[in-house]
Amino acid sequence: MKLGLFGRKPREGWRRVPASPEMREYFGFTEMAHPQDARRWFEDLFARQPFTREAVEYFKTLRLEVGTLDEPMGGGYWFGDRGLVMLRGTQEEAAVHELAHAWWERRRSTERDDLMRVLESLGSECPAGYARIGELANVYCNGIKTQVDPNSPTGYWRGMLAEDNDHETFAGFCSGVMADARQMPPELRRFYAGFLR
Ligand SMILES: [Zn+2]
């Protein structure tokens, strides 16, 4: 039997193909999972996650790529111009995060300013019972002083609000509660209607 990376037995039934240009450039992989096997993995994920049918139908129209189906590694990208969701490995949180970006791509032109207003209000006061979102909103609004960011005028990461980064706000809240809309206060949850059940 052929041994996979790190001498381990490859996961049953997944094939490798030469990496796409994006997979090569962003993750340095020379091979990736065969598109059909990556798609099969995504379809299992769609069944496990509380995505609406509409969202799943949309996701199925995208290019879906995974570097390795053997390792639960995080990391991923959404390429809006190419309709590509690309994951390094099979970490569920990374998948939820990138799919949230893919969903938001089609909503943001009309909803981004409202989302950023809600972020600002959650950062100053988050309703009781939504601890995880409150914690994220605080970080997104105030940044992290110990996180060095050479591109920032303050030298540290100033947060989503200062950067006006609606894309990461939407995806970050979603993966932050692992697509569990019940953990979102109603004023935030409404942005996920149509996406999360
Ligand atoms: Zn992101």
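Q: Hi! What order do the three strands of the open sheet come in?
A: Hello! In this predicted model, the open sheet of three strands runs in the order β3-β5-β4, and the pairing is mixed.

Q: Okay, and which are the edge strands?
A: Those are β3, residues 63-66, and β4, residues 76-79. Each of these edge strands pairs on one side only.

Q: How much are neighbouring strands turned against each other?
A: On average by 10°, with direction ignored.

Q: How many bridges join β3 to β5?
A: Four bridges join them, and the two strands run parallel. Strand β5 covers residues 84-87.

Q: Can I look at one pair? What is the bridge partner of leucine 64 in β5?
A: Try valine 85: that is the partner of leucine 64 in β5.

Q: Nice. Which helix packs on the sheet?
A: Helix α4, residues 92-105, packs on the sheet and touches β4 and β5. The direction of α4 makes about 10° with that of β4.

Q: Let's move to helices then. How do people describe two packed helices?
A: With two things: the angle between their axes and the distance between the axes.

Q: So what are those values for α4 and α8?
A: Their axes cross at roughly 140° and come within 8 Å. That makes α4 oblique to α8.

Q: Is that crossing left-handed or right-handed?
A: Right-handed, as α4 passes α8.

Q: Which residues meet there?
A: From α4 you have Glu93, Val96, His97, Ala100, His101 and Trp104. They meet His167, Phe170, Ala171, Cys174 and Ser175 in α8. By type, the residues of this contact are six nonpolar, four polar and one charged.

Q: What about α5 and α8, at what angle do they pack?
A: Helix α5, residues 108-124, packs with α8 at about 70°, and the axes are 9 Å apart. That makes α5 roughly perpendicular to α8.

Q: And is this crossing left-handed or right-handed?
A: The crossing of α5 and α8 is left-handed.

Q: Which residues make the contact?
A: On the α5 side they are Arg108, Arg112, Leu115, Met116 and Leu119. On the α8 side they are Asp166, His167, Thr169 and Phe170.

Q: How do those divide into nonpolar, polar and charged?
A: For the contact of α5 with α8, there are four nonpolar residues, two polar and three charged.

Q: One more helix pair. How far apart are the axes of α6 and α8?
A: They are 10 Å apart. Helix α6 is residues 131-142, helix α8 is residues 166-176, and they pack at an angle of about 150°.

Q: Are they roughly parallel or antiparallel?
A: At that angle of about 150°, α6 and α8 are therefore roughly antiparallel to each other. Their crossing is right-handed.

Q: Which residues of each helix should I click on?
A: In α6, pick Arg132, Ile133, Leu136 and Tyr140. In α8, pick Thr169, Gly172, Phe173 and Gly176. The residues of this contact divide into four nonpolar, three polar and one charged.

Q: Let me zoom out. What domains does the assignment give?
A: The domain assignment gives domain 1 as 14-105 and domain 2 as 110-192. Their C-alpha centres lie 24 Å apart.

Q: How many residues of each domain are in contact?
A: Eight residues of domain 1 are in contact with seven residues of domain 2.

Q: And what kinds of residues are on the domain 1 side?
A: The side of domain 1 that touches domain 2 has four nonpolar residues, three polar and one charged.

Conventions. Residues are numbered from 1 along each chain as its sequence is written. This is a predicted model: local features need pLDDT of at least 70, side-chain atom pairs count only at pLDDT 80 or more; totals for chains, interfaces and linings use all residues. Axes are lines fitted to C-alpha atoms, for helices over the stretch in contact, and angles run from 0 to 180 degrees between N-to-C directions. Angles under 35 degrees count as roughly parallel, over 145 as roughly antiparallel, 65 to 115 as roughly perpendicular and the rest as oblique. A crossing is left-handed if the near helix is turned anticlockwise from the far one by less than a right angle, and right-handed if clockwise. Two residues are in contact if their C-beta atoms, placed from the backbone, lie within 7 Å. Ala, Val, Leu, Ile, Met, Phe, Trp, Tyr, Cys and Pro count as nonpolar, Asp, Glu, Lys and Arg as charged, and the others, Gly among them, as polar. Two strands pair if DSSP finds at least two bridges between them. Domain bounds come from an automatic or database domain assignment.
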